[in-house]
Structure formats: structure tokens, C-alpha cells
Amino acid sequence: MPSLLALDIGNTRLKWALYAQAQPGSVPLASGAEFLDHIDRLSEGPWASLPLRPEAMIGCVVAGDAVRRRTEEQVEESFDFEPRWVVSSAAECGMVNGYDHPTRLGADRWVAMIGARHRMLAQVADGLPRPMVVVMVGTAVTVEAIDAEGRFLGGLILPGHGIMLRALESGTAGLHVPTGEVREFPTNTSDALTSGGTYAIAGAVERMVQHVRRHCGAEPACYMTGGAGWKMAPSMSVEFELVESLIMDGLLVIAGDRAARIAG
Ligand SMILES: Nc1ncnc2c1ncn2[C@@H]1O[C@H](COP(=O)(O)OP(=O)(O)O)[C@@H](O)[C@H]1O
Ligand SMILES: CC(C)(COP(=O)(O)O)[C@@H](O)C(=O)NCCC(=O)O
Ligand SMILES: [K+]
């Protein structure tokens with residue numbers, strides 16, 4: 001198994017991690033996150049002093065072609081391999097994609113679901129797979145439903161905290177206020193905005209858990225990830241596990257699967 005650079009490029013930040021082996025569950029030797037404005041510094045910055053030179057890469061990118069090309073330039077300056085990007089497909093690594101047009105599903109969503117499925121299967125003591133709800137709180141928020149057989153049933157897309165606030169600020173005259181606290185009964189504008197956004201996300205997750213419970217007839221395992229996942233954690237109404245590495249885990253599962261295929 002070659003050493004691997006894994007990249008997750010969202011609409012706010014590029015996250016990267018270096019692994020000695022493309023094996024699910026590996027602990028990264030090095031990792032980092034850069035705002036998209038800063039990715040042109042990667043090759044002269046953090047990638048210039050890695051503890052080990054990666055021999056291959058795998059990534060997912062939803063930030064658009066210009067950002068993908070800027071990243072590929074950094075990869076070319078630093079390493080000898082070709083960039084390899086995951087595209088959502090009809091089926092991969094035990095998951096079946098129920099989207100109307102499977103390739104139009106955000107690659108980050110597909111990869112996170114594969115990471116979550118792998119985690120759930122490793123966790124169930126009785127060997128009986130569970131349905132899942134997979135939540136990503138990044139620039140946008142996504143809430144995915146997956147049945148026990150690994151079929152992606154469909155998912156929600158919501159604005160993230162930042163976009164919700166900016167939308168309200170730009171669409172009104174009286175909502176330019178500092179960030180507030182999450183309160184059950186907000187009594188000032190700052191708290192009202194912060195709590196409104198947080199409970200909108202928590203409520204969407206609760207509804208999806210209800211939908212999956214009813215559709216699948218079983219309690220889903222709920223996983224949450226993304227840069228703002230920690231902000232949501234205290235306000236959730238359903239049981240969940242916060243797994244910061246869900247996308248990286250999914251990338252390792254996919255890379256491991258492809259390497260095994262080539263070898264076998
Ligand atoms: N240290 C941080 N740096 C950047 N964003 C953060 C940080 N902590 C929390 N956030 C929140 O996380 C969101 C970005 O999460 P991230 O997972 O990087 O998004 P994306 O995958 O869309 O690039 C921001 O909208 C912000 O609200
Ligand atoms: C929904 C997303 C914007 C989430 O992006 P993120 O918050 O991770 O930056 C991204 O997955 C995307 O552009 N998806 C394509 C459309 C779709 O999944 O239906
Ligand atoms: K993301």
C-alpha cells in the first residue's frame with residue numbers, strides 16, 4: 001500500500017491529511033486546513049516539510065474547477081503523482097446511490113457516506129447493519145438518509161450558519177448584530193439569530209431521523225462531521241456521534257478498495 005495524501009476541498013477550506021498507508025482507520029502522520037484563498041501557498045508551506053513523501057493522492061472537491069486547478073498546480077509543484085478525484089457514482093464500496101443523477105451528487109457527500117457506512121459496520125456488535133443519518137455542517141449543511149442495505153435514499157441541503165446569517169443581514173435593515181448565544185427562548189437579536197440558525201439545522205436532522213426511522217423501521221445511527229459540527233453538538237435533539245474525520249475515512253476506504261482491486 002503506497003503512502004497517501006487525502007484532500008477534501010469544500011467551499012470554505014481545503015483539508016488535507018497524509019497517511020503512511022491507504023488503510024481505513026490509519027492515523028494521519030500530518031494534516032492541515034487552509035482557507036481557499038491560501039491554497040497557493042501549500043507547496044512552499046506545509047507540503048514542503050512533510051515527514052514522508054506521499055506516493056499517491058485521492059481527493060474530493062466541490063469548490064469548482066478554478067479551485068481544483070489551483071490545487072492541482074500545488075500538487076504538481078510538490079509531488080510526482082497525478083491528482084485523482086472521486087466522482088459520485090451509481091455504486092461504490094458497498095453503497096448504492098439513489099440520486100436521480102448519481103454523478104451530480106456532491107463528491108464530499110458520497111465520500112462521507114462511504115466513511116460512515118464503514119464505521120457503522122465496524123461498530124455493530126451483532127453484525128446487523130443499521131440505517132444511518134449522515135450530517136455535514138460546513139459552508140452548507142447536508143443531511144443524508146441511508147438504509148441498512150447501504151442505499152442512499154436521499155438527503156437535505158440547507159444553508160450553513162454563515163450563509164444563513166449573511167442572507168438575513170443582506171435581506172433586512174435591522175439584523176446587523178454580533179454573534180449571539182444559543183438560547184431556548186432568545187430575548188435579543190443576536191441570540192435570536194444564532195439560535196434560529198442552530199435549531200434550523202438541529203430540527204432538520206431530527207426530521208430526517210424520523211423519516212429514516214419510519215421508512216426503515218429501525219433506529220438510525222447518526223453521524224455528524226464538518227468544520228462547524230462542534231458548534232451544533234450541544235443543541236442536537238437526537239443521539240449522534242461527532243466524527244471529524246468522516247470524509248478522510250471515506251477517502252481511505254475508497255483508496256484501499258481501489259488498491260486491493262489492482263493488487264487482486
Ligand atoms: N477554525 C475554523 N475555521 C474555519 N471555519 C470554521 C472554524 N471553526 C468552525 N468553522 C465553521 O465551519 C464552517 C466551514 O467548515 P468546513 O468544514 O471547512 O466547510 P467546507 O467543507 O464547506 O469548506 C464555517 O462556515 C464556519 O462556520
Ligand atoms: C451541497 C454542497 C454545496 C456542500 O458543500 P460544502 O458545504 O461541503 O462546501 C456540495 O456537496 C455540492 O455542491 N453538491 C452538489 C449538489 C448536490 O449534492 O446535489
Ligand atoms: K465538506
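Select the shell around ligand 1 to begin: by class, the shell has one nonpolar, 10 polar and one charged residues. In this classification Ala, Val, Leu, Ile, Met, Phe, Trp, Tyr, Cys and Pro count as nonpolar, Asp, Glu, Lys and Arg as charged, and the others, Gly among them, as polar. The model is predicted: local features need pLDDT of at least 70, side-chain atom pairs count only at pLDDT 80 or more, and totals for chains, interfaces and linings use all residues. Residues are numbered from 1 along each chain as its sequence is written, while chains are lettered from A and ligands numbered from 1 in the order in which they are written.

The shell residues to highlight are Gly10, Asn11, Thr12, Arg13, Gly138, Thr139, Gly160, His161, Gly162, Gly226, Gly227 and Ala228; a residue is placed near the ligand if its C-beta atom, placed from the backbone, lies within 6 Å of it.

Next, colour the two domains, domain 1 (4-85) and domain 2 (91-249), whose bounds come from an automatic or database domain assignment. Ligand 1 lies between them, because both domains give residues to its shell. Taken over C-alpha atoms, the centres of domain 1 and domain 2 are 25 Å apart. Their contact takes 11 residues from domain 1 and 11 residues from domain 2, two residues being in contact if their C-beta atoms, placed from the backbone, lie within 7 Å. On the domain 1 side, strand S1 (4-9), strand S2 (13-19) and strand S4 (56-61) each give two or more residues; strands (E, at least two residues) are DSSP runs, numbered from the N terminus. That side divides into six nonpolar, three polar and two charged residues.

Then select the UniProt feature "binding site", which an unreviewed entry places at Asp8, Ile9, Gly10, Asn11, Thr12, Arg13, Leu14, Lys15 and Thr139. Such annotations may be inferred rather than shown by experiment. These positions are spread over 132 residues of sequence, yet they cluster in space, with a largest C-alpha distance of 13.4 Å.

Two of these positions merit a separate stop. Aspartate 8, in strand S1, is buried, with 26 other C-beta atoms within 10 Å; the term requires 20 or more such atoms, counted from C-beta atoms placed from the backbone. Leaving aside neighbours within four places in sequence, aspartate 8 is in contact with Lys15, Gly59, Cys60, Asp108, Ile247 and Met248.

Finish at glycine 10, in the loop between S1 and S2. Glycine 10 is buried, with 24 other C-beta atoms within 10 Å. With the same sequence neighbours (within four places) left aside, its contacts are Val62, Ala63, Asp108, Gly138 and Thr139.

How values were computed. Helices (H or I, at least four residues) and strands (E, at least two) are DSSP runs, numbered from the N terminus. A residue is buried if 20 or more other C-beta atoms lie within 10 Å of its own, exposed if 12 or fewer, and partly exposed in between; C-beta atoms are placed from the backbone.
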